[in-house]
Amino acid sequence: MEEMEEELKCPVCGSFYREPIILPCSHNLCQACARNILVQTPESESPQSRRASGSGVSDYDYLDLDKMSLYSEADSGYGSYGGFASAPTTPCQKSPNGVRVFPPAMPPPATHLSPALASVPRNSCITCPQCHRSLILDDRGLRGFPKNRVLEGVIDRYQQSKAAALKCQLCEKAPKEATVMCEQCDVFYCDPCRLRCHPPRGPLAKHRLVPPAQGRVSRRLSPRKVSTCTDHELENHSMYCVQCKMPVCYQCLEEGKHSSHEVKALGAMWKLHKSQLSQALNGLSDRAKEAKEFLVQLRNMVQQIQENSVEFEACLVAQCDALIDALNRRKAQLLARVNKEHEHKLKVVRDQISHCTVKLRQTTGLMEYCLEVIKENDPSGFLQISDALIRRVHLTEDQWGKGTLTPRMTTDFDLSLDNSPLLQSIHQLDFVQVKASSPVPATPILQLEECCTHNNSATLSWKQPPLSTVPAEGYILELDDGNGGQFREVYVGKETMCTVDGLHFNSTYNARVKAFNKTGVSPYSKTLVLQTSEVAWFAFDPGSAHSDIIFSNDNLTVTCSSYDDRVVLGKTGFSKGVHYWELTVDRYDNHPDPAFGVARIDVMKDVMLGKDDKAWAITEGGITKGATVGVLLDLNRKTLTFFINDEQQGPIAFENVEGLFFPAVSLNRNVQVTLHTGLPVPDFYSSRASIA
């Protein structure tokens, strides 16, 4: 029963309820505490002023509690009525259980009534400290609230159950602990007193003896007190108003506000509500039982987690120790190799030292011998041996010159330990999930009817199989390089449609997709083959153009608002293949010249095309109004060629052109040009390229 104690304490004082009253919101308050949290309201908000203003709202409309929340400050739990002479603003109080309450009202004047019946200040307002609903009291004050006699009885029984152990009521000295209670005699007995005063014979044999605890419970079940009506204090509750959900008296039905309401017998409704409460308690009891079992399960899990943690830590330490042992063994092997290399180097150097020492001794001996021979004065004797000595000296000198004086071994160790894979493996050392919580997603299906290509862009769409039950957290789209090379990731995300830009023209790409979740990755879908456009269709790009450029004709025609040269680029860039486009000169006042060509994306936009190292262009050569300028960019041969009115201007304008290029034009306000794309390569150039 200790868990029930919080239900029996007042939210204001934090103690057991004393003379509890029931507020319209169904919460309870001590009657004294209710008086302490009363707040006086402005005169204009009194019930009399509301009735005078024509408001038909009842002060006690229990069915619409929001109508009584006249001064409730939303979600604050604190109300203040500053600015009124009758209610000065003061800090709120806080009860022991943490509920904020209103400041106490001014003490009432002395009266002969008891505190429970004493009148309250006029126009008083009370706010529930639990749900913060407020209402204005009428002339009856707190007497208008019913008393919770059931709660009083529960508190009495609870406090009695917390008393000391039951003692025998017939022991004269030092009462012993009671062992039984007679329900008819309503007396607690110890064993000696029961045998002496309550023998099991005669009329006493029919009395029912129960254990003390059970007897204490039955003893607490005192006769039911009859509650009186709050509106008519001399009348007892005899009926139950179904609409207002409250007990009423006979006089309420005759002349009160319940006269037109549906009523039922008080005893019948008492039994009905007891039955409903019992049924509700059965369901709640099942939930409480499940909660207790769940708590037992959680406590067992705590113990199991601790045991598994110790076991897992021991396993982890053993695995790491095994790795360290393996590393130490490998360290010993590598050190052995280093020692072997060390010994080999020392042996080679020592052998060379020994060989050089012997040869140097022989050379020194030959030199000393030759010097002694030179000292001889006998010409004929000298000439007899001089040729042989000269040959020996030259031979010895040649022997010293054949790498003899070069070390056969370096001092450096030609060994480098490649530890990067091991370090990477150590950094990647992590735990793997032993059991997958769920399977991997199913293989996605490419929706062929929604997959397409446009220019050098490809749009792909996919979906999960219709009967798939495993959700996918995302997808990975892969494309090859357009030449049958390796696949690479081009998209990772949750969407099921993706457009890939910047592909090569006139190229064939292979695409595939797979799904993934926390468990892993699904198999790849079937491979889809995509063919990009053979020729490029594009317009000028307003996003990268100079602000002085004026666009029209769906961005195919451009001019300029400035007398200075301004650059505009095409929307599509090229890095592979052969591409041809034309520009017609719609307006040209012969000064200055426009420029046509290609440029990098970061070309300067406020100077003539070709003035920096990021553009290649033609600026003169027969360009007049109505002329057609053709630009041929052959990235296979890395050349740039220009045409005017279908005639090639020179052999090749630029060579060694490679990288990413955009069609480009520079012009001023005297020039207007129109772009024509999607054109095939001129026939004569194609035939020349095939011959070459």
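Which residue lies over the face of Tyr524, and at what distance from the ring centre? It is Arg512 that lies there, at 3.8 Å from the centre of the Tyr524 ring, and I start with this pair as a way into the model, which, I should say at once, is a predicted one. There is also a lysine to set beside that arginine, since the charged end of Lys345 sits over the ring of Phe413, 5.6 Å from its centre, and Lys345 will come back when we reach the helices.

Let me give the overall picture before going into the parts. The protein has 692 residues, of which 34% are buried, and its secondary structure comprises 10 helices and 33 strands. If you take the contacts with a separation of 6 or more, 61% of them are between residues 24 or more positions apart. One example of two residues distant in sequence is offered by Met4, which is found in the segment before β1, the strand at 20-22. Met4 and Tyr158 are 154 residues apart in sequence, and yet their C-alpha atoms are 9.0 Å apart in space. Leaving aside residues up to four places away in sequence, Met4 touches Val154 and Tyr158, and because its relative accessibility is 28%, Met4 counts as partly exposed.

Now to the helices, beginning with α7, which covers residues 266-374. This helix has 109 residues, and from its first C-alpha to its last it reaches 154 Å, which is close to the 162 Å expected at 1.5 Å a residue. Among the buried residues of α7 are Met269, Val348, Gln352, Cys356 and Lys359, together with Lys345, the residue whose charged end sits over Phe413. If you read along that list, it helps to remember that an α-helix has 3.6 residues a turn, so residues three or four places apart point the same way. What covers the buried residues of α7 includes β11 at 239-241, β13 at 263-265, and helix α8.

That brings us to α8 itself, which runs over residues 379-400 and has 22 residues; at 1.5 Å a residue it should span 32 Å, and because its end C-alpha atoms are 30 Å apart, the model agrees with that expectation. Even so, α8 has a kink of about 40 degrees, centred on Ser386, and Ser386 is also one of the buried residues of this helix, alongside Leu389, Thr396 and Trp400. The cover over the buried residues of α8 includes α7.

Turning to the strands, I would like to point out an open sheet of three strands, in the order β9-β8-β10 with antiparallel pairing. Its edge strands, each pairing on one side only, are β9 at 187-189 and β10 at 209-210. Strand β8, residues 180-182, is joined to β9 by three bridges, and Met181 stands opposite Phe188 in β9.

Further along the chain, β25 deserves a longer look, since it is mostly covered, with eight of its 11 residues buried. With strand β28, residues 628-634, it pairs in the antiparallel sense over seven bridges, and there the bridge partner of His579 is Leu633. β25 also pairs in the antiparallel sense with strand β33, residues 671-676, over six bridges, where Thr584 has Thr674 as its bridge partner.

Finally, the aromatic rings, for which the count comes to 10 pairs. How are the rings of Phe505 and Phe574 arranged? Their centres are 5.4 Å apart and their planes stand at 40 degrees, so this pair is tilted. The pair links distant parts of the chain, 69 residues apart, with Phe505 in the loop between β19 and β20, and Phe574 in the loop between β24 and β25. Both Phe505 and Phe574 are buried. In a second pair, Phe538 and Trp581, the ring centres are 6.1 Å apart and the planes are at 80 degrees, so the pair is edge-to-face. Here too distant parts of the chain are linked, 43 residues apart, from Phe538 in the loop between β21 and β22 to Trp581 in strand β25. Phe538 counts as buried because its relative accessible area is 8%, and Trp581 is likewise buried, with a relative accessible area of 2%. Ring pairs link Phe505, Phe538, Phe574 and Trp581 into a cluster, and with that cluster I will stop.

Terms used. Residues are numbered from 1 along each chain as its sequence is written. This is a predicted model: local features need pLDDT of at least 70, side-chain atom pairs count only at pLDDT 80 or more; totals for chains, interfaces and linings use all residues. Side-chain values use heavy atoms; hydrogens and water are left out. Two strands pair if DSSP finds at least two bridges between them. Helices (H or I, at least four residues) and strands (E, at least two) are DSSP runs, numbered from the N terminus. The expected span of a helix is 1.5 Å times one less than its number of residues. The bend at a residue is the angle between axes fitted to the seven residues ending there and the seven starting there. Buried means under 20% relative accessible area, exposed over 50%, partly exposed in between (1.4 Å probe, protein chains only). Contact means heavy atoms within 4.5 Å. Rings of Phe, Tyr and Trp (its six-membered ring) pair if their centres lie within 6.5 Å; planes under 30 degrees apart count as stacked, over 60 as edge-to-face and the rest as tilted. A charge sits over a ring if NZ of Lys or CZ of Arg is within 6 Å of the ring centre and within 35 degrees of the ring normal.
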